Amino acid sequence: MTAASSTIITLALAFYSIGVWSERVSGRLKAWHLVFFWLGLVCDTWGTGLMFEMAGGMSRDFHALTGLLAIVLMLVHAIWASAVLMRRDERWITGFHRFSVPVWVIWLIPYFSPMILAVGG
């Protein structure tokens, strides 16, 4: 992994974590949380694209497959959060973290899997 892709993926972790955990702590979804969800998704997709270029495409290993799943879930998460805020449904606004935290946990799997697999391998 290049320094650029590593830095961008780590920015994705920072942005996404800020969005998810500030939403969780505040107990309600706010527009600025949504900004951090989208920033995390953009950085993750950008960093992943750089890794694909370096590797010559997507491999079919655990890291690549969980990474693709994570990006898809992040996209669904950001779109759903956008819809929730547009609808202004208070029940969804205050309960959205029930979806955010599990998506964040799943996102951590491909983030940390190279480190874990390198130690175990």
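Helices here are DSSP runs of H or I, at least four residues long, numbered from the N terminus. With that settled, alanine 14 lies in helix H1. One thing to keep in mind throughout is that this is a predicted model.

Staying with alanine 14 for a moment: buried or exposed? Neither, as it turns out; alanine 14 has a relative accessible area of 35%, so it counts as partly exposed. Its C-alpha is 7.5 Å from that of glycine 40, and the two are 26 residues apart in sequence.

Now the core. The largest nonpolar core has 27 residues, and the members that touch the most others are Tyr16, Val20, Leu29, Phe37, Ala81, Phe96 and Trp107. Four elements give two or more residues to this core: helix H1 (3-26), helix H2 (31-55), helix H3 (62-87) and helix H5 (97-120). Which of them gives the most? That is H3, with seven residues.

Take leucine 29 from that list. Setting aside neighbours within four places in sequence, leucine 29 contacts Glu23, Phe37, Ala81, Val84, Leu85, Ile93 and Phe96.

On to H3 itself. H3 runs to 26 residues and spans 37 Å from first C-alpha to last, close to the 38 Å expected at 1.5 Å a residue. Its buried residues are Ala64, Thr66, Gly67, Ala70, Ile71, Leu73, Met74, His77, Ala78, Ala81, Ser82 and Val84. As background, an α-helix has 3.6 residues a turn, so residues three or four places apart point the same way. Just past the end of H3, arginine 88 has a positive phi of about 60 degrees.

One residue of H3 deserves a separate word, and that is threonine 66. Threonine 66 has a relative accessible area of 14%, and the cut-off for buried is under 20%, so it counts as buried. Beyond residues up to four places away in sequence, threonine 66 touches Ile109 and Pro110.

Last, the aromatics. How many aromatic pairs are there? The count comes to 12. One of them joins tyrosine 111 and phenylalanine 112, edge-to-face, at 4.9 Å centre to centre and with 90 degrees between the planes. The two partners sit on either side of the burial cut-off: tyrosine 111 is buried at 17% relative accessible area, whereas phenylalanine 112 is partly exposed at 35%. Both belong to a cluster linked by ring pairs, together with Tyr16, Phe37, Trp80, Trp92, Phe96, Phe99 and Trp107. Among these, Tyr16, Phe37, Phe96 and Trp107 were also on the list of core residues that touch the most other members.

Note on methods: Residues numbered from 1 in each chain as written. Predicted model: local features only at pLDDT ≥ 70, side-chain atom pairs only at ≥ 80, totals over all residues. Heavy atoms only, no water. Core = buried A, V, L, I, M, F, W, Y, C linked by side-chain atoms within 4.5 Å. Buried < 20%, exposed > 50% of the residue type's maximum accessible area, 1.4 Å probe, protein only. Contact = heavy atoms within 4.5 Å. Expected span 1.5 Å × (residues − 1). Phe/Tyr/Trp six-rings, centres within 6.5 Å; stacked < 30°, edge-to-face > 60°.
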